[in-house]
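Trainee: Could you take a close look at the aromatic pairs for me? I'd like the geometry and the burial in one go.

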Amino acid sequence: MNLRVPSIRHDDCDELAALCKAGGDPLRLNVLRALANDSFGVLELAQIFGIGQSGMSHHLKVLAQADLVATRREGNAIFYRRALPHTELLGGKLHAALLEEVDNLDLPDDVQARIEQVHGQRAAASQDFFARVAEKFRAQQDLIAGLPQYRDSVLALLDKLNFDGAATAIEVGPGDGAFLPELARRFGTVTALDNSPAMLELARQVCVREQLANVSLQLADALNGTSLQADCVVLNMVLHHFAAPADALKHMADLLQPGGSLLVTELCSHNQSWAREACGDLWLGFEQDDLARWATAAGLVPGESLYVGLRNGFQIQVRHFQRPAGDTHHR
């Protein structure tokens, strides 16, 4: 007697099964917990959890196959960070719930101690790195945290916000304009604000070269020189140049339409004081809690965040803050 095996569609089931499998191991859950506000290389994670590199690589592969972690290449090294849950997709709600539960866990004391050890090694590597390049650093500010090191993280948050093609964007302090093509592709109109004619000229050259017809450049002070508003305001590595960053965030909130989003990319707090003289930095990065507190005081609601650890010891935070949709009396 021949029994006919019913055919089963494995596509969707396989995705959910991979997610459940990835979350079904205590070590992998602790890895996700450790990646809550940092990113690490496989060797760093192997050190943190006291296992061999091949074993850690296996666990990271399982997490990556379930889209629970994402990777970023820096030189020859690959860093792992949490992937953002997309709740509108299959498994997205389960992904979000898993991270929420994981964040209620406490990492074992020995794991926490080894994370501090890794941070210490990064700091030492940073001091050694910059001791070697200090002489030419004035012309190489991007060695701290150039756009290629955080572009993908900003775009991951930006694309998740799903702005429509007619939405408007402002980039405050666009630097040499390297991020403007990304904004021009995603928004109907883009305005670049800068109070430096020299930097605006660099941005203008990018606009000409890339034929960015929907980008306008304005010589203006974002703190008091404009009455513009947009659906999205982007601030990449600019806040540490403001004398009063908490007040600056209030002005950034004023640039947002109700329901609009502010994306802030900044260094996390660090102790590399040479950055003041070499790069004109007024602040040595910011504590994550400080940015959230200042944004809340500015009437914004903290959203999702990504954290990018760099090999030279610095760490980047990419933060999303939103102006409530019903806030029509903000200015």
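Mentor: Let's fix burial first: buried means under 20% relative accessible area, exposed means over 50%, and partly exposed is in between, using a 1.4 Å probe and protein chains only. Keep in mind that this is a predicted model, where local features need pLDDT of at least 70, side-chain atom pairs count only at pLDDT 80 or more, and totals for chains, interfaces and linings use all residues. Residues are numbered from 1 along each chain as its sequence is written, and side-chain values use heavy atoms, leaving out hydrogens and water.

Now the rings. Those of Phe, Tyr and Trp (its six-membered ring) pair if their centres lie within 6.5 Å; planes under 30 degrees apart are stacked, over 60 edge-to-face, and the rest tilted. The structure has three such pairs. Take Phe 163 and Phe 187: the ring centres sit 5.1 Å apart with the planes at 50°, so this pair is tilted. Phe 163 is in the loop between helix 8 (147–160) and strand 4 (168–172), Phe 187 in the loop between helix 9 (180–186) and strand 5 (189–194), so the pair ties together parts 24 residues apart in sequence. (Helices, H or I with at least four residues, and strands, E with at least two, are DSSP runs numbered from the N terminus.) Phe 187 is buried at 4% relative accessibility, while Phe 163 is partly exposed at 24%.

Then there's Phe 286 with Trp 294: centres 5.6 Å apart, planes at 80°, so edge-to-face. Both of these residues are buried. Ring pairs also bring in Trp 283, linking Trp 283, Phe 286 and Trp 294 into a cluster.
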